[in-house]
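Open the structure in your viewer and keep the sequence panel beside it. Each stop below gives you something to select and then tells you what is there.

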Amino acid sequence: MTTAPAAAPYDPPRTACILCHGTQLREVLVDYRGHRIDCCRRCGVWFMNPQYTDAHLAAFYSGYINLHPGGDEPVRFRTRQDVREKGKSRALALLRSLGAGRRILMVGCGDGLEIRLAKAAGFEPEGYDVDAVTTTNVARQEGVPVHCGSFHALAGKLVPFDALFLDQVIEHPKDPGAYLQTCAALLQPGGLLYLGTPNLGSLSNRLKTLADRLGLRGKKGRHFNTKHHLTFFTPHLLSRHLKEQMGFEVLRVRGSLKPQQNPLVTVLGRLHANFDSSFLVIARKPR
Ligand SMILES: [Zn+2]
């Protein structure tokens, strides 16, 4: 087994799956950063092991989307603003079309764009994110409650919501199994859960992983993006977990709704989620 660099800020290696807690893990590959990717033999999920420490992640996310007053760094976005905006707007419209009620919690609301779009789509949003300064600023800017602190602690404090929106979020927490359970606790019976996440089962990502395992690429495992992505899902695996482990009804599984540079991906993404490098699942909590 390969170990992470000694000086790096990592927890002790996990001996159980971070999604299903199964204890049979196998190494898939080690990426160019020296991060080992393991696969759970029980549920099939892949995850970075060992994981970063909480302190490292807190420091990372305080600079992830910089809304700190007087900060030296520019505001950073993962993708172009119009692509983010169109993708999130279409996702919110799809949620409405599936009968989502008005009260929605935007989990990982970042710079507040998705709160603004949710209001425009007729929702009554609240937000959650990890950085205290950013959430305070977004709450002031958008005029809605934006929660901070432990995500799990919200479940006992907030009135359950009609819908939860997690766009490019579930790949980030260290404990996605527990995170999804908290999502369920934050939903009303019959409430809708939206999850958008990278698709490590996409055709292009499968080819990259294959090339990496054959030693054919320079930056091995770059597409896992282990700078901040810790868990790697496929549409099949995430849907199965929601259905079989959580009792949810899966309403939609498809490629992402963001505008694509290649129009062919848009067309193929409608046919099968694995033609797109990210996917979405919408599922209903049992009534
Ligand atoms: Zn597992």
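The tour runs through a few helices, some backbone details and a set of contacts. Please keep in mind throughout that this is a predicted model.

**Stop 1: a pair of helices**

Select residues 81-97, which are helix 2, together with residues 113-120, which are helix 3. How many degrees is the angle at which they pack? It is about 45 degrees, and the two axes lie 10 Å apart. Helix 2 and helix 3 are therefore oblique to each other. The crossing of helix 2 past helix 3 is right-handed.

Now show side chains where these helices meet. From helix 2, the contact uses Arg84, Glu85, Lys88, Ser89 and Leu92, while helix 3 supplies Leu113, Glu114, Leu117 and Ala118. If you colour the contact of helix 2 with helix 3 by residue class, you should get four nonpolar, one polar and four charged residues.

**Stop 2: the two sides of helix 7**

Move on to helix 7, residues 203-213. Which of its residues are buried? They are Lys208, Thr209 and Asp212. These residues span an arc of only 100 degrees around the axis, so they sit on the same side of helix 7. Among the elements covering the buried residues of helix 7 is strand 1, residues 25-30, so add that strand to your selection.

Next, turn the view to the face pointing away from the buried side of helix 7. There you will find Leu207, Leu210 and Ala211, which are exposed. Before you leave, step just past the end of helix 7 to glycine 215, where phi is positive, at about 75 degrees.

**Stop 3: helix 6 and its cover**

Select helix 6, residues 176-185, and highlight its buried residues Pro176, Tyr179, Leu180 and Cys183. Look down the axis of helix 6: the buried residues fall within an arc of 95 degrees, so they line one face of the helix. To see what covers them, bring up strand 7 (161-167), strand 8 (187-198) and strand 9 (231-232), which are included in that cover.

**Stop 4: backbone details**

The loop between strand 7 and helix 6 holds glutamine 168. Its phi is near 60 degrees, a positive value in a residue other than glycine. Is glutamine 168 buried or exposed? Glutamine 168 has 20 other C-beta atoms within 10 Å, so it counts as buried.

Histidine 21, in the segment before strand 1, is worth a click too. Histidine 21 also belongs to a residue type other than glycine and has a positive phi, near 70 degrees. Histidine 21 is partly exposed, with 13 other C-beta atoms within 10 Å.

For a different kind of backbone detail, go to the loop between strand 3 (46-48) and helix 1 (54-62), where proline 50 is found. The peptide bond leading from asparagine 49 into proline 50 is cis, and omega is near 5 degrees.

**Stop 5: contacts of helix 8 and strand 10**

Start this last stop with leucine 238 in helix 8, residues 235-245. Leucine 238 is buried, having 26 other C-beta atoms within 10 Å. Setting aside neighbours within four places in sequence, which residues does leucine 238 contact? The answer is Leu195, Phe233 and Val281.

Stay in helix 8 and select proline 235. With 23 C-beta neighbours inside 10 Å, proline 235 counts as buried. Not counting residues up to four places away in sequence, proline 235 touches Asn199, Gly201, Val253, Ala273, Asn274, Phe279 and Val281.

Now follow that contact to valine 253, which lies in strand 10, residues 249-255. Valine 253 is partly exposed, with 18 other C-beta atoms within 10 Å. Beyond its neighbours within four places in sequence, valine 253 is in contact with Pro235, Ser239, Ala273, Phe279 and Val281.

Finish with a distance: draw a line between the C-alpha atoms of valine 253 and valine 281. The two residues are 28 residues apart in sequence, and their C-alpha atoms are 4.6 Å apart in space. Then try leucine 238 and leucine 264, which are 26 residues apart along the chain and have C-alpha atoms separated by 25 Å.

Terms used
Residues numbered from 1 in each chain as written. Predicted model: local features only at pLDDT ≥ 70, side-chain atom pairs only at ≥ 80, totals over all residues. Axes fitted to C-alpha atoms, helices over the stretch in contact; angles between N-to-C directions. Helix = DSSP H or I, 4+ residues; strand = E, 2+ residues; numbered from the N terminus. Parallel < 35°, antiparallel > 145°, perpendicular 65-115°, else oblique. Left-handed = near helix turned anticlockwise from the far one by under 90°. Contact = placed C-beta atoms within 7 Å. Nonpolar A, V, L, I, M, F, W, Y, C, P; charged D, E, K, R; others polar. Buried ≥ 20, exposed ≤ 12 C-beta atoms within 10 Å, placed from the backbone. Arc of directions from axis to C-beta.
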